[in-house]
Amino acid sequence: MSENILKWIRPEIRELKAYHVADATGMVKLDAMENPYHLPAELLQQWQQGLATADINRYPDPAASELTQRLAEVMQVPEGQSLVLGNGSDELIQMLAMAIAGEGRSIMSFEPGFVMYDMIARFVGLDYVGIPLAADFSIDMDATRAAIEQHQPALIFIAYPNNPTANLFDAEAVEEIIALAPGLVVVDEAYHPFAQTSFMPKLAEYDQLLVMRTVSKMGLAGLRLGLLCGNPELIEEVNKIRLPYNINVLTQYTASFILDNAGFLEGQAEMIRSDRDHMLKQLSLFDELEVYPSQANFILFKLKQGDATDVFNRLRDAGVLIKNMSPAGGVLSNCLRVTIGTSEENQAFMSALTKALSR
Ligand SMILES: *Cc1c(COP(=O)(O)O)cnc(C)c1O
């Protein structure tokens with residue numbers, strides 16, 4: 001490819017590496033915070049029959065009205081607040097970034113944090129300011145106050161619980177940041193089913209506050225569906241950026257169907273929460289590991305001795321795929337992240353880890 005053509009791609013884009021997704025073919029897949037369970041058998045059949053009635057020859061309802069209504073109920077969006085849907089919450093992050101992008105503007109969040117905040121900021125030419133978390137992964141409020149004062153961020157993302165650290169930040173700290181922020185604040189509640197605490201009830205108190213949710217981690221990652229909730233006037237502005245048919249016919253049908261029968265999802269989340277607590281206990285029995293608290297459906301742990309990449313490779317050779325956080329460096333050096341799977345998958349992971357550590 002000639003440089004004459006590539007020179008038209010913005011330099012900051014050429015510098016980026018594409019988001020890498022590891023090949024998981026045939027593996028016990030514990031790398032991406034997916035819910036390991038499928039629909040219960042009786043729903044599976046109803047759903048498949050219903051799919052046959054979906055009008056795939058037509059464009060979808062651009063406002064996804066029926067689904068929006070269902071989501072507002074199921075997610076307990078307060079009366080008087082509004083919501084806009086995205087093709088995954090990743091698309092909502094992108095819509096927000098496009099809505100605020102401009103000369104001298106920045107997005108702020110915490111490090112280590114969710115990589116898409118940083119990546120999407122770069123896509124649209126915004127500065128990204130990542131405030132280092134304290135050693136125990138709590139928010140360093142002095143550093144945060146100073147950074148807000150200095151950078152006047154147009155948008156702050158707070159993942160609640162945080163990814164990849166799995167902890168829930170102190171609610172008072174989060175609220176202080178909301179109150180201090182000069183611009184918008186998004187509380188990203190992707191892991192809400194596992195943390196069971198929310199800023200949704202605070203929406204009416206703060207015009208600048210938005211709460212983001214997704215159906216991905218609760219069991220529907222394949223659908224690509226997220227929602228952003230907040231003040232109707234603000235949501236209406238974000239909605240202008242949305243491409244008209246961003247939620248496709250199959251997603252609209254499927255998500256509405258599942259939310260009509262949503263009871264089983266809470267049962268699955270409950271199982272995952274209890275398996276998480278069990279795995280936290282098991283992992284903490286290893287002297288070689290430092291295990292961090294988790295309010296999510298995954299666990300971050302650090303090898304106090306030995307090499308995390310080595311252990312990651314041995315697990316992979318044993319057919320268990322987790323996430324190696326070590327290449328990110330800094331406080332994540334020698335850290336690994338494992339998603340909670342089915343009991344069998346968790347056992348496969350634990351026994352592969354035991355072997356990997358004893359070599
Ligand atoms: C996984 C994750 C998301 C992305 O969710 P999608 O709806 O699948 O795009 C958003 N925020 C955080 C913190 C996540 O970990």
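Student: In this predicted model, what makes the pair between the ligand and Asn-163 a polar contact?

Tutor: An oxygen atom of the ligand sits 2.8 Å from an N or O atom in the Asn-163 side chain. The cut-off for such a pair is within 3.5 Å, so this one counts as a polar contact.

Student: And what about Ser-216, how far is its side chain from the ligand?

Tutor: There, a side-chain N or O atom of Ser-216 is 2.6 Å from a ligand oxygen. Arg-224 joins in too, with a polar side-chain atom 2.7 Å from an oxygen atom of the ligand. Both values pass the within 3.5 Å test, so both pairs are polar contacts.

Student: How much of the ligand does the protein bury?

Tutor: On its own the ligand exposes 390 Å², and the protein buries 94% of that.

Student: Which residues are the closest in the shell?

Tutor: The ligand is surrounded by 14 residues, with Asp-188, Tyr-191, Thr-214, Ser-216 and Lys-217 the closest. By class, the shell has 5 nonpolar, 5 polar and 4 charged residues. Helix 5 (89-100) and helix 10 (216-220) each supply at least two residues of that shell.

Student: Why is Cys-229 called buried?

Tutor: Buried means under 20% relative accessible area. Cys-229 comes out at 0%, so it counts as buried. Cys-335 gets that label as well, because its relative accessible area is 0%.

Student: How many disulfides does the model have?

Tutor: The count comes to 0 disulfides. A disulfide needs two cysteine sulfur atoms within 2.5 Å, so no pair here meets that cut-off.

How values were computed. Residues numbered from 1 in each chain as written. Predicted model: local features only at pLDDT ≥ 70, side-chain atom pairs only at ≥ 80, totals over all residues. Heavy atoms only, no water. Near = heavy atom within 4 Å. Polar contact = N/O pair within 3.5 Å; in protein donor to acceptor, adjacent residues only side chain to side chain. Areas by Shrake-Rupley, 256 points an atom, 1.4 Å probe, with all protein chains shown as cover. Helix = DSSP H or I, 4+ residues; strand = E, 2+ residues; numbered from the N terminus. Nonpolar A, V, L, I, M, F, W, Y, C, P; charged D, E, K, R; others polar. Buried < 20%, exposed > 50% of the residue type's maximum accessible area, 1.4 Å probe, protein only.
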